[in-house]
Amino acid sequence: KNIFSGRILEIDLTEMETDLTVEQAFELSDASAERSAAGCAITLSEEKVAEYLRSNITMLKWMISQGYGDARTMARRVENMEKWLENPSLLKADADAEYTKVYEIDLSTITEPVLCCPNDPDDAKLLSDVQGVKIDEVFIGSCMTNIGHFRAAGKLLDKVPGGSLSTRLWLAPPTRMDEHQLMEEGFYNTYGKAGARTEMPGCSLCMGNQARVAPNTTCVSTSTRNFPNRLGQGANVYLASAELASVAAVLGKLPSPEEYQQYAAQIDSMSADIYQYLNFDKMSEYTDAAKDVDTKKIAAAQLA
């Protein structure tokens with residue numbers, strides 16, 4: 001029985017030494033869809049939420065300046081975010097809150113990646129239990145990913161022996177802004193040299209609505225679900241992190257924990273550059289366009 005179905009998940013990370021960014025929290029909250037949860041709440045600091053909202057305000061104003069969507073709707077969102085920033089406050093669980101079920105996970109005991117095996121998200125195994133499985137195709141994309149994952153993939157692909165992949169690799173950044181930034185940083189050239197296929201930003205293979213993997217293939221995917229036939233007819237799909245998916249794409253198989261750690265060490269050594277998120281309020285391309293957008297005038301025009 002799926003105890004999460006229709007319920008709200010609350011993830012409490014207050015015992016962690018560092019605060020998650022909102023982008024990192026999305027990886028966890030988006031995964032709750034896999035369990036058919038009605039929603040997911042994650043404990044974050046006001047500082048991290050404020051950082052994300054300031055970036056989002058600039059991004060929305062930039063979108064208004066570029067003619068995206070309905071300006072009035074986006075202007076209202078900006079107004080509400082600015083009000084919150086003036087008096088920040090986050091919902092927190094009551095000290096005596098009662099829960100249907102509590103799971104406590106000691107992260108220090110998790111020493112290797114965990115995958116969900118074909119084709120059931122409840123069939124979770126350690127990497128050491130499935131190492132060596134031949135992989136035909138790899139998909140890195142969906143709302144489970146952010147720009148850091150695509151930089152990490154690019155750094156690994158840049159070191160591919162012989163310069164080309166033996167595995168078919170699909171890459172679909174979640175947003176156009178991610179795509180643009182990755183192009184500016186030269187990662188799309190790296191993807192092309194390695195023979196990876198880049199898709200339009202969006203759901204892509206995750207929903208099976210833009211493209212499909214070949215029938216009866218074995219795949220590694222960063223998508224939210226691995227139900228039968230979702231990525232392709234008869235496809236066997238392992239769900240994994242973007243970092244593990246990248247290593248599988250390079251090796252053409254599920255690596256051993258030791259092989260994975262060799263590649264992970266390379267990513268860790270560059271983590272300060274790889275895991276930089278798009279803070280639009282610090283990027284002149286967006287701030288210059290956003291500064292002339294007056295959301296109060298847009299809202300006033302709507303009332304008029």
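# A walk through a predicted structure

At 0% relative accessibility, Ser-204 counts as buried, because anything under 20% gets that label. Keep in mind as we go that this is a predicted model. To find Ser-204, look in the loop that runs between strand 7 (197-198) and strand 8 (218-221). Its backbone is worth a look too: Ser-204 has a positive phi of about 50°, although it is not a glycine.

Further along the chain there's another residue with this kind of backbone angle. Asn-229 is not a glycine either, and its phi is positive, near 70°. This residue sits in the loop between strand 8 and strand 9 (236-239). Is Asn-229 buried, exposed or partly exposed? With 34% relative accessibility, Asn-229 counts as partly exposed.

While we're on loops, go back to the one between strand 3 (114-116) and strand 4 (124-126), where you'll find Asn-119. The peptide bond leading from Pro-118 to Asn-119 is cis, with omega near -25°.

Now step back to Pro-113, in the loop between helix 3 and strand 3. Pro-113 has a relative accessible area of 12%, so it is buried. What does Pro-113 touch, once you leave aside its neighbours within four places in sequence? The answer is Lys-125, Leu-126, Leu-127, Leu-244 and Tyr-260. You can also see how the fold brings far-off parts of the chain into one region: Pro-113 and Glu-243 are 130 residues apart in sequence, and their C-alpha atoms are 9.7 Å apart in space.

Two of those names, Leu-244 and Tyr-260, turn up again in our next stop. Helix 8 (residues 242-251) and helix 9 (residues 257-269) have axes that come within 10 Å and cross at roughly 115°. The crossing is right-handed. On the helix 8 side, the contact is made by Glu-243, Leu-244, Val-247, Val-250 and Leu-251, and on the helix 9 side by Glu-259, Tyr-260, Tyr-263 and Ile-267. Sort these residues by class and you get seven nonpolar, two charged and no polar ones.

Let's stay with helix 9 for a bit. How far apart should its two ends be? At 1.5 Å a residue, the 13 residues of helix 9 should span 18 Å, and the end C-alpha atoms are indeed 18 Å apart, which agrees. The buried residues in helix 9 are Pro-257, Tyr-260, Tyr-263, Ala-264 and Ile-267. Look at the spacing of those numbers with one rule in mind: an α-helix has 3.6 residues a turn, so residues three or four places apart point the same way. As for partners, the buried residues of helix 9 pack against helix 4 (127-130), helix 5 (147-157), helix 8 and helix 10 (271-274).

You can try the length check on helix 3 (residues 71-86) as well. Helix 3 has 16 residues and reaches 23 Å from its first C-alpha to its last, close to the 22 Å expected at 1.5 Å a residue. Its buried residues are Met-74, Ala-75, Val-78, Glu-79, Met-81 and Trp-84.

Next, hunt for rings. The model has six aromatic pairs. In one of them, the rings of Phe-26 and Tyr-52 have centres 5.7 Å apart and planes at 80°, so the pair is edge-to-face. Phe-26 lies in helix 1 (residues 22-31) and Tyr-52 in helix 2 (residues 46-65), so this pair ties together parts that are 26 residues apart in sequence. Phe-26 counts as partly exposed at 34% relative accessibility, and Tyr-52 gets the label partly exposed at 25%. Elsewhere, ring pairs link Trp-62, Tyr-68, Phe-280 and Tyr-286 into a cluster.

Phe-280 also shows up around Ser-55, a residue of helix 2. Leaving aside neighbours within four places in sequence, Ser-55 is in contact with Leu-278, Asn-279, Phe-280 and Asp-281. With a relative accessible area of 4%, Ser-55 is buried.

Our last stop is Glu-27, which is found in helix 1. Glu-27 has a relative accessible area of 25%, so it is partly exposed. Beyond its neighbours within four places in sequence, Glu-27 is in contact with Met-144, Asn-146 and His-149. The C-alpha atoms of Glu-27 and Glu-104, which are 77 residues apart along the chain, are separated by 19 Å.

Notes. Residues numbered from 1 in each chain as written. Predicted model: local features only at pLDDT ≥ 70, side-chain atom pairs only at ≥ 80, totals over all residues. Heavy atoms only, no water. Axes fitted to C-alpha atoms, helices over the stretch in contact; angles between N-to-C directions. Helix = DSSP H or I, 4+ residues; strand = E, 2+ residues; numbered from the N terminus. Left-handed = near helix turned anticlockwise from the far one by under 90°. Contact = heavy atoms within 4.5 Å. Nonpolar A, V, L, I, M, F, W, Y, C, P; charged D, E, K, R; others polar. Expected span 1.5 Å × (residues − 1). Buried < 20%, exposed > 50% of the residue type's maximum accessible area, 1.4 Å probe, protein only. Phe/Tyr/Trp six-rings, centres within 6.5 Å; stacked < 30°, edge-to-face > 60°.
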